[in-house]
Amino acid sequence: MTRRIPKLETVSPQLEVIPATPDQLPILANLLELYAHDFSEFHNLEIGEDGRFGYQPLPLYWSEPNRHPFLIRVDGKLAGLVFVKKGSDISGREAVWDMAEFFILRGYRRRGIGTKVAHKVWRQFPGSWEVRVMQANVSAKRFWADAISTFAGSVIHPVRIENGGECWDMFLFESKTH
């Protein structure tokens with residue numbers, strides 16, 4: 001059964017970015033399936049014989065100390081996920097924070113929620129950050145450029161990087177607030 005997401009009027013929604021617990025792994029796994037489906041438009045993802053994309057690193061978010069999984073809730077309802085980790089698989093920089101995964105359900109997009117979530121996360125993890133976007137994902141590149149520039153207080157231009165035959169736009173910036 002589907003439910004309609006109410007339109008946000010002038011009242012600001014209650015936004016929560018909550019650390020996910022191991023017992024919430026199935027919830028994250030389900031959200032990751034939706035994320036992978038969206039992302040498969042830009043990235044060659046193969047669906048398994050079980051009809052799922054899967055996300056092999058998911059258990060590592062509770063066994064490795066430099067990985068941090070979060071659930072996003074808007075007015076108490078699930079609205080997405082964020083995975084943060086220390087170290088970049090793309091640039092190889094070990095001391096940088098990496099926005100490993102970031103997903104807002106479609107019904108909550110274009111309302112400023114993603115920007116607010118990103119800003120909360122960056123304030124929680126001060127230091128150097130990398131946010132990468134596949135060049136083919138034009139709407140995500142626009143979102144990240146706006147969110148990062150607003151956070152940084154100046155325009156941050158991405159650098160182009162190639163890794164494993166894929167081209168990325170990488171935003172590099174600092175979070176000085178906590």
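Here a biologist and a modeller talk through how some labels in this predicted model are earned.

Biologist: Let's start with the sheet: what is the order of its strands?

Modeller: The sheet is open, has seven strands and runs S1-S2-S3-S4-S5-S7-S6, with mixed pairing. From one strand to the next, the twist averages 30 degrees.

Biologist: What makes S1 and S6 edge strands?

Modeller: Strand S1 (15–19) and strand S6 (159–163) each pair on one side only.

Biologist: How do you know that S6 and S7 pair?

Modeller: Two strands pair if there are at least two bridges between them, and five bridges join S6 to strand S7 (residues 166–175), so they count as paired. The two run antiparallel. As one of the partners, Val159 has Met170 in S7.

Biologist: And which strands does helix H4 lie across?

Modeller: Helix H4 (residues 138–152) lies across strand S4 (97–104), S5, S6 and S7, and runs at about 15 degrees to S7.

Biologist: Over to Glu130, in strand S5. Why is Glu130 called buried?

Modeller: Its relative accessible area is 1%, and buried means under 20%, so Glu130 falls on the buried side. Its neighbours include Ser88, Trp97, Asp98 and Phe171.

Biologist: What makes the link between Glu130 and Arg93 a polar contact?

Modeller: The side chains are joined at 3.4 Å, and the cut-off is within 3.5 Å for a pair of N or O atoms. Arg93 also turns up among the residues that Glu130 touches.

Biologist: Val133 is in S5 as well. Why is Val133 called buried?

Modeller: Same kind of test: Val133 has a relative accessible area of 3%, and the label needs under 20%, so buried it is. Val133 touches Ala140, Lys141 and Trp144, among others. Phe171 is another of its contacts; the C-alpha atoms of Val133 and Phe171 are separated by 8.4 Å, although the two residues are 38 apart along the chain.

Biologist: Now the loops. Why is Asp75 called partly exposed?

Modeller: Asp75 comes out at 41% relative accessibility. Buried stops under 20% and exposed needs over 50%, so Asp75 lands in between. Asp75 lies in the loop between strand S2 (67–74) and strand S3 (77–86).

Biologist: And what makes Arg110 exposed?

Modeller: Its 77% relative accessible area, against a cut-off of over 50%. Arg110 lies in the loop between S4 and helix H3 (113–124).

Biologist: What is the phi of Asp75, and of Arg110?

Modeller: Asp75 has a positive phi of about 50 degrees, and Arg110 has a positive phi of about 65 degrees. Neither is a glycine. Most residues other than glycine have a negative phi.

Biologist: How many aromatic pairs are there?

Modeller: The search of the whole structure turns up 13.

Biologist: Why is the pair of Trp122 and Phe173 called edge-to-face?

Modeller: The planes sit at 75 degrees and the label needs over 60, so edge-to-face fits. The centres are 4.9 Å apart, and a pair needs them within 6.5 Å. Trp122 is in helix H3 and Phe173 in strand S7, so the pair ties together parts 51 residues apart in sequence. Both residues are buried, and both belong to a cluster linked by ring pairs, with Phe70 and Trp144 among the other members.

Biologist: Last one: how do you know that the charged end of Arg132 sits over the ring of Trp168?

Modeller: That charged end is 5.7 Å from the ring centre, and the distance limit is within 6 Å. Arg67 lies over the face of Tyr61, at 5.1 Å from the ring centre.

Key. Residues are numbered from 1 along each chain as its sequence is written. This is a predicted model: local features need pLDDT of at least 70, side-chain atom pairs count only at pLDDT 80 or more; totals for chains, interfaces and linings use all residues. Side-chain values use heavy atoms; hydrogens and water are left out. Helices (H or I, at least four residues) and strands (E, at least two) are DSSP runs, numbered from the N terminus. Buried means under 20% relative accessible area, exposed over 50%, partly exposed in between (1.4 Å probe, protein chains only). A polar contact is a pair of N or O atoms within 3.5 Å; within protein, one must be able to donate a hydrogen and the other to accept it, and residues adjacent in sequence count only if both atoms are side-chain atoms. Contact means heavy atoms within 4.5 Å. Axes are lines fitted to C-alpha atoms, for helices over the stretch in contact, and angles run from 0 to 180 degrees between N-to-C directions. Rings of Phe, Tyr and Trp (its six-membered ring) pair if their centres lie within 6.5 Å; planes under 30 degrees apart count as stacked, over 60 as edge-to-face and the rest as tilted. A charge sits over a ring if NZ of Lys or CZ of Arg is within 6 Å of the ring centre and within 35 degrees of the ring normal. Lists of a residue's contacts leave out its neighbours within four places in sequence.
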